[in-house]
Structures are given as structure tokens and as C-alpha cells.
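Notebook open, structure loaded. I want to look up what sits around each ligand, then follow one strand through its neighbours.

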Amino acid sequence: MAQKIALVTGASSGIGWATAVQLVQKGYKVIAAGRRAERLQELIQQLGQENVYPLQFDVRDKDAVHAAIAGLPAEWRSIEVLINNAGNAHGLAPIQSGNVEDWDAMLDINVKGLLYVTKEVLPIMIERKAGHIVNIGSIAGQEVYANGNVYCASKFAVDALSKAMRIDLVHEGVKVSEVNPGAVETEFSEVRFKGDKARAASVYQGFEPLVADDIAHLILFMVTRPKHVNIAEVTILPTAQAAATVINKR
Ligand code: NDP
Ligand code: 8X3
């Protein structure tokens, strides 16, 4: 049987990287997308070039997204699984002092980027009347918290889009799922705090956060269910976390 093909956005780091690794370990071939080409090369070195095809693009650039996916070699085109994972928070500030470039980045990457990638992949899935899209939302898409404003709005949008896509695509045989993690220790907080590693590390001090592999395990479970089963939405939290800002820190 031919190996299944999965496209993972944001495969150059964190949750996307761990998901790409676990998909290959499970026998998938992975199209690994991200902006940092050197990271994608590291992934190829780890997993083998027969298993990983790198796609370098910025999800904000719809022409680049189109060119990358339209230009896939024939043997890599039959995408069955799309993990819409690329995204970040940029800044953590009250709305009245928010940075407009940060707002643009979060809405353009987390929301519009997800749409651009999905738009390019859907014709492939619809033609086959099969496929599975997993959108990475967040606990921040379920509750707002102080200073989270635009990041929360971007993840509320991912939640709305996931629900809407599931409704529209049910007639096409395409599954849509959403994974909503709480605190996962990745490069996420370093990006949010613009490279301030000490501040980023402090987010995860005093409790045991999730790691990227925890989310990847869940995604693997979801995409390997039988054809008639769709796990629609899952919220996954560290045991020490009960809500976006309720964390049992010692
Ligand atoms: P990382 O910062 O480790 O990874 C983010 C990934 O997104 C990188 O691979 C990055 O690749 C990619 N990315 C960012 N901007 C762009 C862009 N403009 N174009 C293409 N790719 C881009 O963070 P995580 O792994 O934690 O985050 C992955 C997802 O999980 C995000 O959607 C995040 O919102 C979500 N999430 C994270 C949580 C956490 O606590 N860590 C909790 C809940 C949800 P590159 O820079 O190479 O382009
Ligand atoms: C990332 C989790 O709580 O920092 O989506 O928003 S949080």
C-alpha cells in the first residue's frame, strides 16, 4: 500500500517538528513547511529524504503558498492529512498599547495563513473525496485573558473556522479536527517575547508544562482513527493547568 502523505506547516520547530517526526515514525511521508530552510534540512537529515519533502514559504504570502503547493512533484501531491500548525503569539500587551505590526503578524499568520494553505490543499482532498485537516487552535481560542487580546482573537477565529470548515466539508468526505493546547514549552514564548529567553523560560517555571511530543501523540491518535471516526475537538492541558491563566505553580 502507498504511504500516506501529510503536510505539516510550522514543521521547523515545536509542535510541528514533533508531529512530523511522529508521522514519519508511523509510516507517513511528510511535506514539512516553514520559513527556516536550515531547520527543514535538519529534519530531512533526521528522518531521511525519502520521507520528508521541504517546502519553504511564509504562510502570509498567498502567491508563495500557491506556488509551493502547486509545484509539488507528482509523487508528493496526494496529500491526505494537513496539519495547520504554523502560528505564534507576537507580544503580550493591553489593547491600548498594542503594537500594530504584532497584530498584523498574528492575524496574517494564524488566521489568513491557515486559510491560504487550506485553499491550496482542499482541491486535492475534494477530488479524492477523502482527507483530514487538523487545525491547531489553543486554550486562547476558548477563553480570553489579560493582554492576550489579538492572539486570543486569532485563535477564536481558528476555532470558528474549524467548526465552519467541518460543516462545509462534511459533504466532501473531508474530516476537520481542532486541537486546543494549553501551555506547551516550545519556542512559542521566545517568539512572543521577541527573543527574551529568560522571560520565556519563566512562563514554564514552577509546574510541568506539556512538551511538543504530547501534542504530536494526540494528533497521531486523531489522524489514525478509522475512516468513519472524526475526533472533532480536543483541549489538552498540563495537569497543573485548569484554565488559560489558572496554573498550579509552586
Ligand atoms: P514554535 O514557535 O516552536 O513554532 C511555530 C512554528 O510556526 C515554526 O515552525 C515557525 O516556522 C512557524 N511559523 C511561524 N510564522 C510563520 C510564517 N509566517 N510562515 C510560515 N511558518 C511560520 O511554537 P509552537 O510549536 O508552540 O506553536 C505551534 C502552534 O501551536 C501555533 O499555532 C501556536 O499558536 C499553537 N499553540 C502553542 C501553544 C504553546 O503553549 N506553545 C499552546 C496552544 C497553541 P518558521 O519560523 O521556520 O517559519
Ligand atoms: C498558547 C497558550 O495560554 O499562552 O496558545 O495563550 S497561551
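**Ligand 2.** I'm working on a predicted model. I began with Ser-138, where a polar side-chain atom is 2.5 Å from an oxygen atom of ligand 2. Tyr-145 also puts a side-chain N or O atom 2.5 Å from an oxygen atom of this ligand. For Tyr-151, I noted 2.6 Å between a side-chain N or O atom and an oxygen atom of ligand 2. How much of the accessible area of ligand 2 does the protein cover? I got 82% of the 240 Å² that ligand 2 has on its own.

Next I listed the surrounding residues: Ser-138, Ile-139, Ala-140, Tyr-145, Tyr-151, Phe-188 and Arg-192. Sorted by class, that shell has five nonpolar residues, one polar and one charged.

**Ligand 1.** I counted 31 residues around ligand 1, and the closest are Ser-12, Ser-13, Arg-35, Tyr-151 and Thr-186. Tyr-151 caught my eye, as it is also on the list for ligand 2. Arg-36 has a polar side-chain atom 2.9 Å from an oxygen atom of ligand 1. I then checked the backbone: a polar atom of Asn-85 is 2.8 Å from an oxygen atom of ligand 1, and for a backbone N or O atom of Gly-87 I wrote down 3.4 Å. The protein covers 97% of the 870 Å² of accessible area that ligand 1 has on its own. Which elements give two or more residues to this shell? They are helix H1 (14-25), H5 and helix H6 (188-192). By class I have 13 nonpolar, 12 polar and six charged residues.

**Strand E6.** Is strand E6 (residues 174-181) buried or exposed? Eight of its eight residues are buried, so the strand is largely enclosed by the rest of the structure. I split its side chains by direction: Val-174, Val-176, Glu-178 and Asn-180 point one way, while Lys-175, Ser-177, Val-179 and Pro-181 point the other. That fits the usual picture, in which side chains of a regular strand alternate between the two faces of the sheet. Glu-178 and Lys-175 are on the buried list too.

**Neighbours of E6.** Strand E5 (residues 131-136) runs parallel to E6, with six bridges joining them. I picked out His-132, whose bridge partner in E6 is Lys-175. Tracing the chain, I went from E5 through helix H5 (residues 149-169) to E6, a right-handed β-α-β crossover. I also found four bridges from E6 to strand E9 (residues 233-236), again a parallel pair. There, Val-179 has Val-234 of E9 as its bridge partner.

Methods
Residues are numbered from 1 along each chain as its sequence is written. Chains are lettered from A and ligands numbered from 1 in the order in which they are written. This is a predicted model: local features need pLDDT of at least 70, side-chain atom pairs count only at pLDDT 80 or more; totals for chains, interfaces and linings use all residues. Side-chain values use heavy atoms; hydrogens and water are left out. A residue is near a molecule or strand if one of its heavy atoms lies within 4 Å of it. A polar contact is a pair of N or O atoms within 3.5 Å; within protein, one must be able to donate a hydrogen and the other to accept it, and residues adjacent in sequence count only if both atoms are side-chain atoms. Accessible areas come from the Shrake-Rupley method with a 1.4 Å probe; for residues, only the protein chains shown count as cover. Ala, Val, Leu, Ile, Met, Phe, Trp, Tyr, Cys and Pro count as nonpolar, Asp, Glu, Lys and Arg as charged, and the others, Gly among them, as polar. Buried means under 20% relative accessible area, exposed over 50%, partly exposed in between (1.4 Å probe, protein chains only). Two strands pair if DSSP finds at least two bridges between them. A crossover is right-handed if, with the strands pointing away from the viewer, the path from the first strand over the helix to the second runs clockwise.
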